[in-house]
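Let's take a walk through this one together, from the overall layout down to a few individual residues. Have the viewer open and follow along as we go.

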Amino acid sequence: MAKKQNKNYRKNNDILEKQCNICLMWFSCNSEYFYINKSNKTDGLYPYCKKCASNKVIEKYKIDPEQYKKRAKKQHEKSPEYFAQKHKKYWNKNKEKASQRARDFRKNNPDRISKYSKSWKKNGAIVKNILKILVLIVDYC
Ligand SMILES: [Zn+2]
């Protein structure tokens, strides 16, 4: 998992930019565009941009929802208070960004949404919560 990606950096007017290894777009190399990954010793960020990270989570969830439900549940059981607090903090801090992201996603992926909405309707709030938690897990790791 820990691949070297030194060639994925460039300087643009003195601003360090980093290339997402999924969509291959260039973004400023900071936590505004990339999720924080403490185990990455190079820049402390994930190799893919935030947009790709959430797509990845959703794709993975689609492939194996049970594994993700289990993982979220386990994490929740391990430290419900910490988790709830962090969750609350995260959403208060990122409410606008997150809902904007959700709006963008809906706008950019109408076909996907209609595909998902069937199962979302079935599982309702549970799935929505799990997606929230998954985004959070991406932030944790
Ligand atoms: Zn990307």
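What follows starts with confidence and layout, then moves to the sheet, its turns, the core and the first helix.

Keep in mind from the start that you're looking at a predicted model. Across the protein chain the pLDDT averages 78, and 74% of the residues score at least 70. That confidence varies from element to element: strand β3 has the highest mean pLDDT, at 97, while helix α5, residues 125–140, has the lowest, at 56. If you colour by pLDDT, those are the two extremes to look for among the elements.

Now for the layout. The protein chain has five helices and five strands. Read from the N terminus, the order is β-β-β-β-β-α-α-α-α-α, with the strands leading and the helices following. Of the 141 residues in the protein chain, 13% count as buried. As for how contacts spread along the sequence, take those between residues at least 6 apart: 38% of them join residues at least 24 apart.

Start at the N-terminal end, with the sheet. Three strands make an open sheet in the order β1-β2-β3, with antiparallel pairing. Here β1 and β3 are the edge strands, each with a single partner, so one side of each has no neighbour in the sheet. From one strand to the next, the twist averages 40°. As a reminder, strands of a sheet pair through backbone hydrogen bonds, and they can do so in a parallel or an antiparallel way.

How is each pairing built? Strand β1 covers residues 9–12 and strand β2 covers residues 15–19, and four bridges hold this antiparallel pair. To find the register in the viewer, look for R10 opposite E17 in β2, and for K11, whose bridge partner in β2 is L16. On the other side, β2 joins strand β3, residues 26–28, through three bridges, again antiparallel. There, K18 has F27 of β3 as its bridge partner.

The turns deserve a look if you care about backbone torsions. The β1–β2 hairpin has two residues between its strands. In the loop between β1 and β2 you'll find N13, which has a positive phi of about 50° even though it isn't a glycine. D14 sits in the loop between β1 and β2 as well, and its phi, near 70°, is also positive for a residue other than glycine. Are these two buried or exposed? N13 is exposed, since it has 5 other C-beta atoms within 10 Å, and D14 is exposed with 5 other C-beta atoms within 10 Å; the cut-off for exposed is 12 or fewer. The hairpin of β2 and β3 has six residues between the strands, and L24 in that turn has a positive phi of about 65°.

Next, the interior. The largest nonpolar core has nine residues: C20, C29, F34, L45, Y46, Y48, C49, C52 and A53. Two elements give two or more residues to this core, namely β5, residues 45–49, and α1, residues 50–63. The largest share, four residues, comes from β5.

Y48 is a handy residue for getting your bearings in this core. Y48 lies in strand β5 and counts as buried because it has 20 C-beta neighbours inside 10 Å, where 20 or more is what buried requires. Setting aside neighbours within four places in sequence, Y48 is in contact with C20, N21, I22, A53 and K56. Y48 can also be set against F27, which is 21 residues away in sequence and 9.9 Å away in space, C-alpha to C-alpha.

From β5, move on to helix α1. It has 14 residues and reaches 20 Å from its first C-alpha to its last, close to the 20 Å expected at 1.5 Å a residue. Its buried residues are K50, C52, A53 and S54. Of these, C52 touches C20, I22 and C23, leaving out residues up to four places away in sequence. Compare that with Y48, whose contacts include C20 and I22 too. Both C52 and A53 belong to the nonpolar core, which ties α1 back to the residues we met in β5.

Notes:
Residues numbered from 1 in each chain as written. Predicted model: local features only at pLDDT ≥ 70, side-chain atom pairs only at ≥ 80, totals over all residues. Core = buried A, V, L, I, M, F, W, Y, C linked by C-beta atoms within 7 Å. Contact = placed C-beta atoms within 7 Å. Pairing = 2+ DSSP bridges. Axes fitted to C-alpha atoms, helices over the stretch in contact; angles between N-to-C directions. Expected span 1.5 Å × (residues − 1). pLDDT = per-residue confidence, 0-100.
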